[in-house]
Structure formats: C-alpha cells, structure tokens
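Here is a friendly briefing to read alongside the model. Have the viewer open, and let us begin with the empty space.

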Amino acid sequence: MSKRYFDNVFSDGQEVSPNMYYDFFKQNVHTLMEDISLNTSLSPDNDLYTGTTGIAYMYYHLATSERFKNDSPILLNKAVEVSRLMRQNSSEKYSSQFICGDAGVNAVNAAIFHKIGDDKTAEMYLEHFKNGLAVCKPINFFKPGGDELFVGRAGYLFGLLWLEKVFNRKIIADLDIIQLCLTIVESGRNYSKKNKSIFPLMYSYYNTEYLGAAHGLCTILQVLISFPCFIKKEQKAMQDIKKCIDILISLQTTSGNFPCAMDELGSRKRPEKDELVHWCHGAPGVVYLLAKAYLVFKEPSYLECCLKCGDLVWTKGLLKKGPGKTYDIFSF
C-alpha cells in the first residue's frame with residue numbers, strides 16, 4: 001500500500017526560506033492553472049468544492065495575491081470567463097449551502113465582480129447570497145446535518161465572514177447573525193441531550209458524529225467564536241463552546257492528531273499508521289479552531305495543542321491530494 005503523504009525532506013530545526021522556492025512554486029502554479037484551464041468546461045459541477053466556482057475562486061485568489069500582482073488583470077479576466085461558464089440553475093433549496101451549493105456560487109461571483117468594479121452585478125450576487133439566510137434559519141432545515149460546513153449553517157456563516165472581508169463592510173445585521181448562531185447552539189444542545197454526548201454541543205452528518213473540519217464539530221465551534229457580536233452577547237453559549245473545546249483537546253493523541261469521529265474513541269481508536277492527517281479529518285483542520293480559540297479565550301493549553309498539530313504535520317509531510325482544495329477562506 002502506497003503512502004498517503006509526501007515525506008518531509010527537511011530536518012528538525014532547519015530554516016527554510018519561502019523565497020528559496022518562490023520561482024519553483026510560481027512556475028508550478030502556472031502549470032497547474034494551464035492544466036485546469038484546459039479542463040474547466042468539462043466540470044459537471046457548479047459549486048465551490050469540485051466545480052467551476054472553485055476554479056473561478058482560484059483565479060480570483062491568485063489575482064488578489066501580492067505574489068501574482070503583475071498577472072492580476074489576466075487572472076481576473078480568467079475568473080470572469082469561468083464565472084460565465086457556471087450553469088444558471090440556481091435553486092432556493094441550495095441557496096444557503098456555501099461549499100456545495102449556490103451560496104458559494106453567489107459569494108465568489110460577488111467578489112469577482114466587485115474586484116473588477118462592476119458594482120451593480122456584485123450587489124446582485126450579494127443579494128442572492130443574503131437570501132440564503134432565511135433558508136437555513138429553521139432549526140431542522142436539512143435533517144442529515146444542517147449545521148456543518150459543506151451544506152449547513154456553519155458554511156453559510158463562513159461565507160459571510162469572507163464577504164465582509166472582501167467588501168470591508170457589514171453584509172447581514174448583527175441580530176440575524178446572533179439568531180443564526182443561537183440556532184446552531186440550540187441544535188447542538190438538542191442533539192447532545194438526545195444522544196447523551198460527552199460534549200454539551202454535538203452534531204451529526206448523515207448519522208456520523210464527526211470531529212474534524214470537513215463535516216464536524218471543530219469547524220462549527222470555530223465559526224461560532226468568529227463573530228464578536230455573538231461572543232459579547234451570549235455568555236451561556238460561550239461557556240458551552242469552551243467546554244466543547246476543552247473536551248476536544250483532551251482527545252488529542254500523543255502524536256498530536258485527533259480522531260475522525262466519536263465512533264473512533266477508546267478500543268475503536270485507529271492505529272497511528274492509519275490516522276488521517278489532512279484538513280478534512282485530523283490536526284490540519286482542527287488547528288484553525290485551536291488558533292482562534294487561543295485568540296478568544298487566551299488559554300495557553302490551546303496554543304500548546306496548536307503547536308502539537310504543527311509538529312505532527314511537519315513530521316508526516318504534505319498529503320498526496322489534488323491541488324483544488326484551497327481553504328484560506330476559513331483561516332480567520
């Protein structure tokens with residue numbers, strides 16, 4: 001069986017300057033862009049995760065990067081071209097789904113047209129995004145898992161955070177944000193009580209209680225502590241959130257990793273050689289929550305856990321996976 005990751009060829013303590021490899025990586029980025037461009041029209045999906053919206057976001061992100069500022073006009077033109085390939089089949093049903101639905105399509109289009117100065121089109125897409133709020137407000141709007149990142153409320157709120165950063169202004173009123181966060185908390189409390197969870201807030205996605213970033217608890221907690229208006233007003237909710245974080249760090253393994261889901265605790269624990277060490281499941285995704293939690297709660301133990309996550313990723317090396325997953329949107 002082949003390994004899932006690239007070996008780390010650097011020794012502990014070895015200083016590695018990003019500038020040493022700048023030309024190498026930039027050339028590889030251009031090569032990947034060319035490969036992706038040739039196949040853009042073949043994508044059967046429209047979303048941010050595996051579809052044309054993700055490709056449009058790639059061009060937008062590079063266009064706004066300091067490293068690619070000389071290529072910015074060309075990259076923005078490509079972003080607009082790809083956005084025009086997106087199928088115009090939006091549905092109210094998916095209007096609140098950020099990673100795998102129309103909320104992501106609307107958010108990325110709003111950002112692209114805002115960047116090129118077409119404010120009328122940008123505002124149109126922004127309004128489409130805002131319409132998703134009413135869809136995900138009902139507590140049981142998506143029974144298989146309405147609170148997680150890919151199709152749930154957490155994803156919608158992360159999209160909102162990103163748009164506020166892009167437009168440098170409020171997009172949705174604080175009262176609506178607080179109400180949506182409280183719905184997530186209520187949903188987590190209800191599930192935890194019904195299923196006798198060790199966490200005061202717990203969630204499931206298609207009947208699995210994930211802990212990692214893709215569908216799990218850590219990303220839901222991260223987004224809840226990312227809104228100052230919610231943090232200041234809802235102290236009882238913050239107590240439950242902090243308790244969840246404390247329980248989660250108690251599950252960190254000696255290697256620095258985290259279980260995928262609650263069904264991998266105790267005797268069902270994965271052997272270390274089979275641990276998943278990637279953004280979806282494991283330390284590379286949980287580290288974002290720990291970093292944000294340290295900034296909010298100032299607990300030294302959260303920073304210590306962050307460093308253990310970093311040490312694990314350094315030891316294991318980079319995961320062998322495709323180039324399409326760019327999650328800088330979530331690093332707040």
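A cavity here is a set of grid points where a 1.4 Å probe fits but cannot get out, while a pocket is an open set. With that in hand, a search of the whole structure, which is a predicted model, finds two cavities of 30 Å³ or more. Rolling a probe the size of a water molecule over the atoms shows where empty space is left.

**Cavity and pocket**

- The largest cavity holds about 80 Å³ of space.
- Its lining is made up of T253, N257, F258, P259, C260, E264, K269, R270, E275 and L276.
- By class, that lining of the largest cavity divides into four nonpolar, two polar and four charged residues.
- The second largest pocket offers about 400 Å³ of space.
- Twenty residues, written 20 in the count, line the second largest pocket, and N140, K143, S187, Y191 and S204 lie nearest its centre.
- Helix 7 (residues 174–195) gives the largest share of this pocket's lining, five residues.
- Seven nonpolar, eight polar and five charged residues make up the lining of the second largest pocket.

**Nonpolar core**

- The largest nonpolar core has 98 residues, and F199, F227 and F230 touch the most other members.
- Helix 6 (residues 153–167) supplies the largest share of this core, 10 residues.
- Setting aside neighbours within four places in sequence, F230 is in contact with I178, C181, L182, V185, L224, A237, M238 and I241.
- In soluble globular proteins, nonpolar side chains tend to be buried together.

**Helix 11**

- Helix 11 (residues 283–297) has 15 residues and should span 21 Å at 1.5 Å a residue, because the expected span counts one less than the number of residues.
- The end C-alpha atoms of helix 11 are 20 Å apart, which agrees with that expectation.
- Buried in helix 11 are A283, G285, V286, L289, L290, K292, A293 and F297.
- An α-helix has 3.6 residues a turn, so residues three or four places apart point the same way.
- The cover over the buried residues of helix 11 includes helix 8 (217–224), helix 10 (235–250) and helix 12 (300–316).
- Just after helix 11 comes K298, with a positive phi near 60°.

**I74 in helix 3**

- I74 sits in helix 3 (residues 72–85).
- Is I74 buried or exposed? I74 counts as exposed because its relative accessibility is 53%, and exposed means over 50%.
- Between I74 and Y59 there are 9.1 Å in space, C-alpha to C-alpha, and the two are 15 residues apart in sequence.

How values were computed:
Residues numbered from 1 in each chain as written. Predicted model: local features only at pLDDT ≥ 70, side-chain atom pairs only at ≥ 80, totals over all residues. Heavy atoms only, no water. Helix = DSSP H or I, 4+ residues; strand = E, 2+ residues; numbered from the N terminus. Buried < 20%, exposed > 50% of the residue type's maximum accessible area, 1.4 Å probe, protein only. Contact = heavy atoms within 4.5 Å. 1 Å grid on protein atoms, 1.4 Å probe; cavity = no way out; pocket = protein on both sides within 12 Å on 5 of 7 lines; lining within 4 Å. Points joined across faces, edges and corners; volume = space filled by probe spheres on them. Nonpolar A, V, L, I, M, F, W, Y, C, P; charged D, E, K, R; others polar. Core = buried A, V, L, I, M, F, W, Y, C linked by side-chain atoms within 4.5 Å.
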